[in-house]
Each structure stands twice: as structure tokens, then as C-alpha cells.
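Biologist: Please take me through how to read this model, beginning with the ligand and ending with the cores.

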Amino acid sequence: MTNVQRITRKSERWFRRNQRDLPWRRTYDPYHVWVSEVMLQQTRMEVVLRYYERFLQRFPTLADFAAASSDDVTAAWSGLGYYRRARMLREGAIAVREQFGGALPGEVPALMTIPGIGRYTAGAIASIAYDRAAPIVDGNIARILARLFGRRANFWRRADDLVQAAGSARVFNQALMEIGALICKPKQPMCDRCPLRDECRAFASGRTELAPRKRAATVALRRRLYVVRDRRGRILMRRDTRGMFVLVGRSPLAVGQKRIGTFRHTIMNQRVTFEVFTASGQQPTANCSWIATKDLEKVPHPSFVRKALHLAGALLLAASTALADSRTYQIAADAKNTVEFHAEDTYDAFDGRTNKVSGAISADPLKPSASTVEITIDMASLNTGNTLRNREMRELYLETRQHPTSSFKSVSVAAPRGADSRWPHSRHVIVHRAHARLRHQRAKKYSRHRR
Ligand code: SF4
């Protein structure tokens with residue numbers, strides 16, 4: 001049996017016998033696990049236990065939490081401190097509702113696309129809630145790994161090797177957390193009670209208070225990123241070891257290389273200045289694939305890649321092609337939604353404008369002629385621009401006394417500017433900035449009035 005196998009077996013056996021009875025261990029509900037992990041960041045267990053169950057009584061399901069106002073969430077979090085965690089948790093819950101149909105995904109790359117979920121939390125949810133072999137490294141686990149394997153070890157790689165060898169990722173990862181919290185403490189670890197004593201380098205060498213190396217000083221780096229497109233506009237991306245899609249750092253097969261700008265981004269202790277280039281390519285290089293712009297939002301990618309794609313305009317393009325799906329947009333009552341009304345016949349014309357409009361846009365940008373706009377307008381609110389004759393003109397030309405509201409179908413629709421960022425993800429969107437031009441199709445009727 002290898003050292004890795006001995007560590008996993010002994011840890012799991014110890015945990016099954018010695019685990020504490022914690023509320024989130026009763027059901028392993030993904031939402032509960034997520035809440036507990038966020039609460040436990042920078043907060044002692046005794047404090048979290050006082051708030052956890054109260055919080056879940058207030059928001060029993062992820063749907064309840066996603067629907068809560070930020071004031072309600074802050075109130076429920078009150079006393080736990082670090083309120084940014086609560087805000088991020090709520091943002092994340094809304095993203096889960098809108099992007100994953102309300103169910104937390106079980107894979108690390110998908111989890112890492114959710115706001116507020118980083119590599120540790122994604123690994124904790126995947127392993128503890130879904131029993132998937134995902135590694136986790138926090139301060140406690142890094143300390144145990146430093147003592148088991150030496151402080152120069154690559155902790156994420158070691159944690160991954162261990163969890164892959166575990167009988168149950170859920171049991172093993174929690175075992176390491178529990179050993180770190182109860183036995184292998186920062187000072188005066190209780191090695192006499194430790195199940196891993198025989199496998200521990202620090203114990204063998206009498207250096208059991210060994211701690212992980214302090215984080216190195218921040219270093220400044222420069223890196224290149226290439227947004228390489230093929231003839232069809234697809235973008236060349238490489239899948240890294242975490243399963244994230246990243247841009248290529250060099251482009252041996254690309255031509256027409258052009259530098260489009262730079263941005264700064266901090267990763268751990270590295271402050272990186274990324275130089276972004278666009279280029280054209282034909283063949284995917286090793287481990288790379290072409291990603292259609294409409295799929296960019298769907299593939300998991302780190303935030304520095306997102307910044308580069310924004311710089312190259314690729315994500316804007318993705319958003320517009322995402323609208324190629326047929327969708328229905330509900331026009332909400334909102335001062336920014338305006339309708340311009342134009343009626344004309346042989347002799348005269350009538351123009352009006354109002355924001356008292358409701359209805360829906362069924363858009364099919366791939367086939368615009370199939371799109372429809374059904375709008376109901378409060379005709380009595382139309383502003384003709386002639387303040388003195390507003391009412392008279394409405395009543396004369398539009399019969400607003402008999403027909404205070406009218407429903408119309410548009411003959412042309414202009415896409416709203418500044419599309420909501422949720423559009424690519426949502427099937428049902430409330431439009432807060434729509435603008436429609438209507439041409440009245442009953443002009444003959446009005447011409448009768450003017451004779
Ligand atoms: S033997 Fe001691 S130092 Fe080594 S892992 Fe166990 S508690 Fe930590």
C-alpha cells in the first residue's frame with residue numbers, strides 16, 4: 001500500500017469514528033454545504049453554529065435565498081461580520097437560479113463560474129455535497145500537508161493525489177478539515193492522538209510545529225494573451241488542468257497579429273500585466289479547440305480571460321449572437337420604455353410619444369421577419385408635443401374617449417441599447433429600456449375623421 005493510500009484510509013477511518021455532529025453533515029444538501037462553507041470563512045465554528053440554523057430557517061431553500069432582498073440577507077447575516085460574504089452569496093444564488101435552473105452544479109469548473117465561488121469553495125461543494133473527487137486546500141489543510149509532505153510541497157497537487165485515492169471524497173476531505181481543526185493545530189499539535197503520525201515527516205523529524213511557507217512577496221509579471229480567431233470567428237482556447245478554458249499565451253500558427261491593449265490582474269502574489277493581441281489562425285494547436293463566440297458565456301473561464309475577451313470585443317459579439325435564440329422579452333412598466341407613435345394618411349400626420357406601454361417582444365434575430373411585438377399603449381397618455389392641443393388631437397385623431405388603450409403589432413423593431421448582461425442566460429427578461437416605432441395601420445379610419 002502506498003503512503004497516499006495509507007493516509008486516505010487512516011483519515012477516513014478516523015473521521016467515521018470521531019467526526020463532530022455538525023448540522024450541515026446531516027443532509028449534505030448542496031445549498032446547506034455552500035452556506036456553511038461561506039460562513040466558516042474567517043469565523044470560528046462556535047459562532048457559525050449560533051447563526052447557521054437561524055439563517056436556514058429564514059431562507060430554507062436556495063430559491064428562497066435568491067428571492068430575498070439584500071436588506072433581508074444583511075439582517076440575517078447580522079453579527080457574523082464580513083458582510084461582503086453575504087452579498088456574494090446572494091449574487092451567487094441569483095446566478096444559480098438564472099444559469100443553472102436553481103440547482104447548484106456538482107462540477108468544479110461549473111461551480112467556479114458562480115460569483116463568489118473560488119477554487120476552495122467549488123472543491124468543498126463538489127466533494128462534500130456531491131462526493132466528487134475534488135481537492136480542497138485551506139489554511140488548516142495546507143498546514144497538515146506541509147507537515148506530512150514538507151513545506152515546499154505543491155499542496156493542491158498533493159490534495160488532488162490524496163482525494164483521487166480516497167474511498168469517499170466527502171469523507172476524506174472532511175477528515176482532513178477535522179484533523180486540522182482538532183488535532184494538527186498550528187501550535188502544539190496533538191500528535192499522540194493523530195491517525196497520520198506514522199506517515200508524518202514532521203513527526204519523524206521532530207519538527208511538528210512546521211507551518212506552510214509564508215506567502216511570497218508580490219511579484220510583477222508581464223504575460224501575453226492571444227485572441228486567435230478562425231475564418232468563422234471562433235476563438236482558440238485551451239483547457240487547463242482545472243478544466244477552465246483559457247486563451248493561448250503564444251500563437252505559432254496565427255497571422256496578422258495586432259496588439260489591442262493591456263490590463264492588470266492580480267493572481268495570488270503575482271501582479272500581472274496582460275498584453276492582449278488579436279490574430280487569425282487556421283489549425284487548432286495541441287490541447288486547444290475552437291469555441292464559437294455564442295458559447296463563450298457557457299464555457300468556464302477565469303476572470304482574466306474574460307477581461308481579455310472584453311478587450312477584444314469577443315464577449316459583446318457573444319452577447320449579440322446569444323440573442324439569436326428565439327426568446328420572449330416582457331416589457332415592464334418603466335419610465336425608460338418608450339413608444340413613438342406615428343399615424344398618417346394622405347393629408348396629415350400625427351406623432352405621439354409615451355412610456356405607458358406594456359407587452360412582449362418575441363425576438364428571432366436569425367429570422368427577423370418571424371419576430372413579433374405585441375404592445376398595449378395607454379393612448380390617452382400620448383404626448384403629441386403640442387401641449388395646448390394634446391388632448392384635442394388625441395380625441396380627434398385617436399378616438400381616445402372610446403378607445404383609451406390600443407394594442408398593436410409593430411412592423412419594425414430596434415434592439416434595445418445596453419442589453420442587460422443577463423440576456424445571454426435568461427429565457428425570460430424584463431426589458432427596462434425598450435424603444436419601439438409604430439406605424440399606425442388603420443390610417444383610413446382616421447382619414448374619415450378629417451374629411
Ligand atoms: S503527526 Fe502531528 S504534525 Fe503530523 S499530522 Fe499528525 S498532528 Fe500533525
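**Ligand shell and cores**

Modeller: α9 gives the most residues to the shell around the ligand, with three. Helices (H or I, at least four residues) and strands (E, at least two) are DSSP runs numbered from the N terminus. The model is predicted: local features need pLDDT of at least 70, side-chain atom pairs count only at pLDDT 80 or more, and totals for chains, interfaces and linings use all residues. Residues are numbered from 1 along each chain as its sequence is written.

Biologist: Which residues come nearest to the ligand?

Modeller: A residue is near a molecule if its C-beta atom, placed from the backbone, lies within 6 Å of it. Here 14 residues surround the ligand, and Cys184, Pro189, Cys191, Cys194 and Cys200 come nearest. The elements giving two or more residues to this shell are α9 (139-149) and α12 (201-205).

Biologist: What is a nonpolar core?

Modeller: In soluble globular proteins, nonpolar side chains tend to be buried together. A core is a set of buried Ala, Val, Leu, Ile, Met, Phe, Trp, Tyr and Cys residues joined through C-beta atoms within 7 Å. Buried means 20 or more other C-beta atoms within 10 Å of a residue's own, with C-beta atoms placed from the backbone. The largest core has 62 residues, of which Val35, Leu111, Ile125, Ile141, Leu145 and Phe172 touch the most other members. A second, separate core of 18 residues includes Val227, Met237, Leu247 and Val276.

Biologist: How much of the protein is buried?

Modeller: Buried residues make up 31% of its 451 residues. The secondary structure comes to 16 helices and 15 strands.

Note on methods. A residue is buried if 20 or more other C-beta atoms lie within 10 Å of its own, exposed if 12 or fewer, and partly exposed in between; C-beta atoms are placed from the backbone.
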